[in-house]
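User: Please take a close look at the strand pairing here. Then follow it outward to whatever it leads to.

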Amino acid sequence: MKAERLFTHVRLATMDPSKNGIGVVEHAILATRGQTIVYAGARDDAPAIEAQETIDCSGRWMTPGLIDCHTHLVHAGNRAAEFEMRLTGATYEEIARAGGGILSTVRATRAADEDQLVAQALPRLEALISEGVTTIEIKSGYGLETATEARQLRAARRIGREHPVTVRTTFLGAHAMPPEANGDKDAYIELVCQDMLPAIAAEKLADAVDAFCEGIAFSPEQVERVFAVARHLGLPVKLHGDQLSNLNGAALAARHGALSVDHAEYTDEAGVKAMAEAGTVAVLLPGAFYFIRETQKPPIELFRQHGVAMALATDCNPGSSPMTSLLLTMNMGATLFRMKVEECLLGVTRHAAQALGLSEIGILAAGKRADLCIWDIEHPAELVYRIGFNPLWRRFWSGK
């Protein structure tokens, strides 16, 4: 067998579903050709491999490249002043009157051109890449008008073209109400369905469509309208759902074959069962749970009982989760939600790939893309256990 790179003296956490747990293979080797893995497994079972380059990993651990499957990475400005006001006791209404809240991010994002959006996103991206992220989902949702929503998605696409990371884009026009809508949610949803979505689809700017189903956002009926148009246009759907209350968002998402339900703190057993039947992933966002001081935890045990895959993501955004560390996200998933180490590691690899509808990443196996992380650790649990420590030794994206 010919290969470009051969990794020797390596221990693999393959995340392969045909193996137990995280798919550990001790005394392993892994070979790549181009952007593809051609062998991953036990050294003693390997065929003869002729490689152009051999990398001695000296007993280090290798995992698939990490996947951040829920972010709002592309936006302008920040909400640090609003955060400071909250710490001194200001209410939501007081912050809004002072120009804060999501509409402050909308104003800043509308005022930024594509170059500015890319420039502001890059430090956040670089922080994630430095911790081994090789694939990232980026949502729109801070334009709330066709031109700015499209500009956010163009900026996200550009980041994927110009930097060593795979970017999946998600249109989130149904995120919040723009000020010019004057509180008419039905009219705004009509704009999303009849103007924004067709324009975004025509330009092929989105890989999926998301919506926020919540009392402070949009009703299940309004979200159904968005999902119906998205599916008519051939776009898969995702849902911000069951974060602050149970509006049966999980069941709604499952009816539409959603890739994921994200947040899911208030999802009930009926919703969990519906997700299980539809193969919908629960994307858990402990950064937002922590930052806004939530108390209702996601139904982890129900997800386990019914076999719902759980992913973890940073939810990087300026208002409720200004976080750019997927390693910290895993620790939060374990400490705040009592997830197991195995669940956390699968949640940023194989299950995160599933939440994006991707089958070629998230697993170390022949035929999968060569997105690889090599870690200077003694055991994979260290990736979940440590706080503020980055043990990444080498990162490979698409074999490079």
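Analyst: Strand 1 (residues 2–13) and strand 5 (residues 61–64) run parallel, joined by two bridges. Strands (E, at least two residues) and helices (H or I, at least four) are DSSP runs, numbered from the N terminus. Two strands pair if DSSP finds at least two bridges between them. Across this pairing, Arg11 has Trp61 of strand 5 as its bridge partner.

The model is predicted: local features need pLDDT of at least 70, side-chain atom pairs count only at pLDDT 80 or more, and totals for chains, interfaces and linings use all residues. Numbering starts from 1 along each chain as its sequence is written, and side-chain values use heavy atoms, without hydrogens or water.

Strand 5 has another pairing, with strand 14 (residues 372–375). Here the sense is antiparallel, and four bridges hold the count. Trp61 appears again, this time opposite Trp375 of strand 14. So Trp61 can be followed in two directions: to Arg11 and to Trp375. Strands of a sheet pair through backbone hydrogen bonds, in either sense.

Now the eight-stranded sheet. It is open, its order is 6-7-8-9-10-11-12-13, and its pairing is parallel. Strand 6 (66–68) and strand 13 (310–312) are the edges, each pairing on one side only. On average, neighbouring strands are turned by 25° against each other, direction ignored. Within the sheet, strand 10 (residues 238–241) joins strand 11 (residues 260–263) over four bridges, in the parallel sense. Lys238 faces Ser260 of strand 11 in this pairing.

What lies across the sheet? Helix 7 (residues 220–232) lies across strand 8 (166–174), strand 9 (208–213) and strand 10. Helix 7 runs at about 175° to strand 9. Axes are lines fitted to C-alpha atoms, for helices over the stretch in contact, with angles from 0 to 180 degrees between N-to-C directions.

Helix 6 (residues 185–202) meets helix 7 in turn. Their axes come within 10 Å and cross at roughly 10°. That makes helix 6 roughly parallel to helix 7, a label for angles under 35 degrees. On the helix 6 side, the contact uses Lys185, Asp186, Ile189, Glu190, Val192, Cys193 and Leu197. Helix 7 answers with Gln222, Arg225, Val226, Val229 and Ala230. Contact means heavy atoms within 4.5 Å. By class, this contact has seven nonpolar residues, one polar and four charged. Ala, Val, Leu, Ile, Met, Phe, Trp, Tyr, Cys and Pro count as nonpolar, Asp, Glu, Lys and Arg as charged, the others as polar.

Back to Lys238. Lys238 also lines the largest cavity, along with Glu137, Arg168, Thr169, Thr170, Asp207, Ala208, Pro236, Leu259, Ala355 and Leu356. A cavity is a set of points on a 1 Å grid where a 1.4 Å probe fits but cannot get out; lining residues have an atom within 4 Å of a point. Its volume is about 60 Å³. Strand 8 gives the largest share of the lining, three residues. The lining splits into five nonpolar, two polar and four charged residues.

The structure holds two cavities of 30 Å³ or more. The second largest has about 40 Å³ of space. Its lining is Leu327, Glu382, Leu383, Arg386, Phe389 and Pro391. Four of these are nonpolar, two are charged and none is polar.

Terms used. Parallel < 35°, antiparallel > 145°, perpendicular 65-115°, else oblique. 1 Å grid on protein atoms, 1.4 Å probe; cavity = no way out; pocket = protein on both sides within 12 Å on 5 of 7 lines; lining within 4 Å. Points joined across faces, edges and corners; volume = space filled by probe spheres on them.
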